[in-house]
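Thanks for coming. I will go through a handful of local features, one at a time, and keep it short.

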Amino acid sequence: MSLLSEEQYKKALVTSGAVTEETFTAASETAKKEQKDLYTVLVESDALEDRQIGQLIADMLSVPFLELADFQVDRNVLRLIPESFARANHVFPLQLHEGFIRVATSHPGDLETKSLLEKFTRHEIRYVFVTPRDLTSHYHLFEKDAETVLADYIERAGGKDIDASGQAVIQLVEELIERAYQARASDVHIEPEDEETLVRFRVDGLLHDVVTVPKKLHDHMVTRIKVLSRLPTDEHQSALDGKISYESKRKEDIEIRVSIVPVTDGEKVVMRLLSERSRQFSLRDLGFHTRELDLFADAIKKPWGMILVTGPTGSGKTTTLYAGVKMLNKRNVNISTIEDPVEYDIDGVNQIQVNEKTKLTFAKGLRSIVRQDPDIIMVGEIRDSETADIAVNAALTGHLVLSTLHTNNAATAFPRLRDMSVEEFLISSTMIGVVAQRLVRQLCRKCLYSKQASAEELQLIESRPEVKAAIEKQLAGRPFAELRLFHAKGCPVCGQTGFRGRVGIFEILEVTDAVRVAIMQQKNSDEIQEVAIQEGMVTMLQHGVEQALAGVTALEEVLRVTK
């Protein structure tokens with residue numbers, strides 16, 4: 001069932017001026033061609049943020065709008081409606097009041113479901129509107145917390161006659177993956193210790209202890225993971241890398257990269273979860289706002305040249321590249337990628353996996369791709385001079401090349417390419433732009449509050465002149481001493497951490513004529529950065545400060561990742 005008719009969408013979005021008629025028509029045509037709901041196409045195309053569409057639709061339908069991230073769900077109310085019914089009918093119970101139940105729904109016009117709920121619960125039902133995306137991401141709250149469920153499975157698996165093929169161990173490993181996915185974990189660590197095994201989840205960039213497992217179960221869990229990864233079960237002294245293609249209980253695809261290494265007390269396993277949910281990220285989801293979106297969209301619309309995304313490991317570079325490729329992925333263009341590893345499968349894109357055993361390196365794969373008549377090439381990472389040389393020459397000969405590089409900021413990408421023996425005239429003539437990024441934790445919007453900056457916070461800011469300058473720019477003449485900063489107390493919604501989710505902070509260096517001159521003159525990165533700032537570049541620190549003063553993240557998060 002579609003959320004709204006095309007005419008209703010047009011009334012909500014075009015009439016209000018939220019999107020142009022041209023943008024709406026293009027999205028409508030894409031939706032018909034790809035047989036998708038218009039809402040999904042609009043969100044994925046970065047035409048509007050999910051919450052913006054939600055608010056506009058709610059206003060048109062004259063129903064209250066809610067973002068579930070801002071709401072503390074009463075878990076007792078979840079028992080009033082079966083999960084299977086809730087999922088099938090796009091509803092989610094929120095609160096039980098005197099005489100009525102407040103229910104979130106993505107289909108507020110579905111009065112038949114409302115009537116059924118009233119008969120079933122014997123309460124009046126009052127709808128609030130939430131977007132389909134928001135609703136889907138919160139159904140996991142129907143389930144018990146990970147620690148309780150896993151402890152139950154561990155107890156079942158800890159019997160006398162246990163082995164990796166036993167049903168209890170199979171269920172334990174499966175539930176471990178399920179719980180990690182529901183907890184939004186990017187990684188699962190299974191770490192053997194002297195007397196027990198510790199299981200930890202990495203959520204929003206930080207590791208959290210989840211549960212301990214009796215040591216006698218450790219080898220059986222590892223063996224089961226090896227079986228799923230098609231790795232040799234009799235090899236215990238070598239580092240092993242594998243992959244699991246897993247379908248969750250909710251029919252969502254999860255690609256899992258498995259790394260197993262021998263440590264002092266056994267074999268340590270790290271599983272990286274690459275989910276269908278992450279694959280749907282748009283540039284807005286990643287933290288791009290109108291300014292960054294316009295710059296990035298202009299850059300990737302160029303017919304040829306090179307765009308680099310830079311940052312340390314784990315800063316979201318590949319996710320940004322994938323979001324860019326999704327924007328460019330049309331039937332009339334040929335897109336090829338060379339990656340290590342291929343993290344997400346993209347329909348219509350030719351993706352090649354680096355394979356050291358067959359000597360298929362980035363350089364060799366890239367050389368082959370150039371002969372495949374590509375329009376757009378994505379190189380997972382430029383690691384060496386040979387790959388850099390081929391990539392630059394591909395950009396010079398009429399291809400759009402997207403890749404990543406390990407540098408601290410955008411301007412450092414140019415000296416880095418010089419270190420890889422790429423000549424200045426090639427760099428200046430092929431480079432379109434460089435995106436540098438970091439990931440910061442988002443403040444929980446449920447327990448968010450602001451207060452006057454303390455003396456210690458002001459002193460910390462004073463000790464970093466570049467931070468103070470960035471803040472004063474945002475204050476626009478208001479007294480520095482009156483600065484207010486955002487914090488979060490911690491609540492059940494964010495697991496008492498004060499943070500929920502991560503978002504990117506960026507700097508986008510557009511290669512203008514002045515920047516090209518600086519590159520040709522072999523200026524260092526600081527000098528190139530100064531030129532770029534004069535040309536209008538907003539630094540990563542400045543963008544981070546903007547996000548902090550807007551309450552998206554905490555100032556200490558920005559200082560942590562930009563120091």
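I start with serine 248. Leaving aside neighbours within four places in sequence, serine 248 is in contact with Glu178, Tyr181 and Ile254. Serine 248 sits in the loop between strand 7 (240–247) and strand 8 (253–263). Is serine 248 buried or exposed? Its relative accessibility is 3%, so it counts as buried. Please keep in mind that this is a predicted model.

Two other loop residues come next. Threonine 358 is in the loop between strand 12 (350–353) and helix 15. Its relative accessibility is 56%, and because the cut-off for exposed is over 50%, threonine 358 counts as exposed. A polar atom of the threonine 358 side chain lies 3.3 Å from the backbone oxygen of asparagine 355.

Proline 82 is in the loop between helix 4 (50–61) and helix 5 (83–88). At 38% relative accessibility, proline 82 counts as partly exposed. Glutamate 510 is 428 residues from proline 82 along the chain, and their C-alpha atoms are separated by 53 Å.

Now a residue within a helix. Leucine 328 belongs to helix 14 (residues 317–328). With a relative accessibility of 12%, leucine 328 counts as buried. Which residues does leucine 328 contact, leaving aside neighbours within four places in sequence? They are Ile300, Val333, Ile335, Ile376, Leu400 and Leu402. For isoleucine 300, the separation from leucine 328 is 28 residues in sequence and 7.7 Å in space, C-alpha to C-alpha.

Next, helix 16. This helix has 12 residues, 385–396, and at 1.5 Å a residue it should span 16 Å. The C-alpha atoms at its ends are 16 Å apart, so the expected span and the model agree. At the N-terminal end, helix 16 is capped by aspartate 384, with a side-chain oxygen 3.2 Å from the backbone nitrogen of glutamate 386. Just after the helix, glycine 398 has a positive phi of about 100°.

Which residues of helix 16 are buried? The list is Thr387, Ala388, Ile390, Ala391, Val392, Ala394 and Ala395. An α-helix has 3.6 residues a turn, so residues three or four places apart point the same way. The cover over the buried residues of helix 16 includes three strands' worth of names to note: strand 10 (305–310), strand 13 (376–379) and strand 14 (400–405). Helix 15 (362–370), helix 17 (413–419) and helix 18 (424–430) are also among the elements that cover them.

I finish with two helix pairs. Two packed helices are described by the angle between their axes and the distance between the axes.

The first pair I take is helix 1 (residues 6–13) and helix 2 (residues 21–34), which pack at about 155° with their axes 11 Å apart. Helix 1 is therefore roughly antiparallel to helix 2, and the crossing is right-handed. On the helix 1 side, the contact is made by Glu6, Tyr9 and Lys10. Helix 2 contributes Glu21, Phe24, Ser28 and Lys32.

The other pair is helix 23 (residues 540–549) with helix 24 (residues 555–562). Their axes come within 8 Å and cross at roughly 165°. Helix 23 and helix 24 are therefore roughly antiparallel to each other, and their crossing is right-handed. Which residues of helix 23 meet helix 24? Leu541, Gly544, Val545 and Ala548 do, and they meet Leu555, Val558 and Thr562 in helix 24.

That is the end of my list.

Methods. Residues numbered from 1 in each chain as written. Predicted model: local features only at pLDDT ≥ 70, side-chain atom pairs only at ≥ 80, totals over all residues. Heavy atoms only, no water. Helix = DSSP H or I, 4+ residues; strand = E, 2+ residues; numbered from the N terminus. Expected span 1.5 Å × (residues − 1). Buried < 20%, exposed > 50% of the residue type's maximum accessible area, 1.4 Å probe, protein only. Contact = heavy atoms within 4.5 Å. Polar contact = N/O pair within 3.5 Å; in protein donor to acceptor, adjacent residues only side chain to side chain. Axes fitted to C-alpha atoms, helices over the stretch in contact; angles between N-to-C directions. Parallel < 35°, antiparallel > 145°, perpendicular 65-115°, else oblique. Left-handed = near helix turned anticlockwise from the far one by under 90°.
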